[in-house]
Amino acid sequence: MSEPAVDLDERRKASQLPQPSGYQLLVALPAQEEKTEGGVYIPDELREREEAAGISAMVLRMGPDAFVDETRFPSGAYCKEGDWIIMRAYSGFKIEIHGKQFRLINDDCVRAVIEDPRGVKRI
């Protein structure tokens, strides 16, 4: 069975994601909905504010020292690559690569692992 063709441009974009250092995690923020559940369009400015304060993200990469301090994390890592997490609002260092937003957050910013970020809102 042949492998599906992978767009070279997409591969190049993926290779530009930074590898976190130390105890940092690279997380991707979910896209903000364009409409409310009732069908009302959300203005771009409001979506951008909500994204900045976002509390859910997917863990893409982990730094080599993330969760290794046994005194701070006696039960081991709080999450792994590929997990959806809840983190503190406004956590981390925000970056944008090819129009998509990412953050570098500290390992101790992780508050919980969730299965699905849809519907998770900060109150």
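Start by selecting Ser91, and ask for its contacts beyond the neighbours within four places in sequence: you should get Arg103, Ile105 and Cys109. Keep in mind as you click around that this is a predicted model. Ser91 sits in the loop between strand 3 and strand 4. Is Ser91 buried or exposed? With a relative accessible area of 5%, Ser91 is buried. Now show the polar contacts: the side chain of Ser91 reaches the backbone oxygen of Arg88, at a distance of 2.5 Å.

One of those contacts, Cys109, deserves a click of its own. Cys109 comes out at 6% relative accessibility, so it counts as buried. Add Cys79 to the selection: its relative accessible area is 6% too, and Cys79 is likewise buried. How many disulfides does a search of the whole structure find? Zero, so don't go hunting for one. For reference, a disulfide is a covalent bond between the sulfur atoms of two cysteines.

Next, switch to cartoon and take in the sheet. Six strands form an open sheet in the order 4-5-1-2-3-6, paired antiparallel. Which strands are at the edges? Pick strand 4 (93-97) and strand 6 (110-114), each of which pairs on one side only. Going from one strand to the next, the twist averages 40°.

Walk across the sheet from the strand 4 edge. Strand 4 and strand 5 run antiparallel and are joined by five bridges. To see a facing pair here, select Lys94, which stands opposite Arg103 in strand 5. You met Arg103 a moment ago as one of the contacts of Ser91.

Before moving on, zoom in on the hairpin of strand 4 and strand 5, where two residues lie between the strands. What phi does His98 take there? A positive one, near 50°, although His98 is not a glycine. His98 belongs to the loop between strand 4 and strand 5, and with a relative accessible area of 47% it is partly exposed.

From strand 5 (residues 100-106), step over to strand 1: five bridges join the two, and they run antiparallel. Put Ala28 and Phe102 on screen together, since Ala28 stands opposite Phe102 in strand 5.

Carry on to the other neighbour of strand 1. Strand 1 (residues 24-28) pairs with strand 2 (residues 56-62) in the antiparallel sense, over four bridges. Which residue of strand 2 is the bridge partner of Val27? Select Val59 and you have it. While you have side chains displayed, remember that in a regular strand they alternate between the two faces of the sheet.

One more step takes you to strand 3 (residues 84-87), which pairs antiparallel with strand 2 over three bridges. The pair to pick is Met58 and Trp84, with Met58 standing opposite Trp84 in strand 3.

Stay in strand 2 and select Ser56, which lies in that strand. Ser56 has 7% relative accessibility and so counts as buried. What is Ser56 in contact with, leaving aside its neighbours within four places in sequence? Expand the selection and you'll find Leu29, Pro30, Ile85, Met87, Ile114 and Pro117.

Last stop: the aromatics. The structure holds three aromatic pairs, and two of them are worth a close look here. A pair of aromatic rings is described by the distance of the centres and the angle of the planes. Take Phe67 and Phe73: the ring centres are 5.0 Å apart and the planes make 75°, so the pair is edge-to-face. Now swap Phe67 for Tyr78. The rings of Phe73 and Tyr78 have centres 4.9 Å apart and planes at 85°, which makes this pair edge-to-face as well. Show Phe67, Phe73 and Tyr78 together and you have a cluster linked by ring pairs.

How do the members of the cluster compare for burial? Phe73 has a relative accessible area of 3% and is buried. Phe67, at 6% relative accessibility, counts as buried too, whereas Tyr78 is partly exposed at 40%.

Finish by colouring Phe67 by backbone torsion. Phe67 is found in the loop between strand 2 and strand 3, and its phi is positive, about 65°, although Phe67 is not a glycine.

Notes:
Residues are numbered from 1 along each chain as its sequence is written. This is a predicted model: local features need pLDDT of at least 70, side-chain atom pairs count only at pLDDT 80 or more; totals for chains, interfaces and linings use all residues. Side-chain values use heavy atoms; hydrogens and water are left out. Rings of Phe, Tyr and Trp (its six-membered ring) pair if their centres lie within 6.5 Å; planes under 30 degrees apart count as stacked, over 60 as edge-to-face and the rest as tilted. Buried means under 20% relative accessible area, exposed over 50%, partly exposed in between (1.4 Å probe, protein chains only). A disulfide is a pair of cysteine sulfur atoms within 2.5 Å. Two strands pair if DSSP finds at least two bridges between them. Axes are lines fitted to C-alpha atoms, for helices over the stretch in contact, and angles run from 0 to 180 degrees between N-to-C directions. Contact means heavy atoms within 4.5 Å. A polar contact is a pair of N or O atoms within 3.5 Å; within protein, one must be able to donate a hydrogen and the other to accept it, and residues adjacent in sequence count only if both atoms are side-chain atoms.
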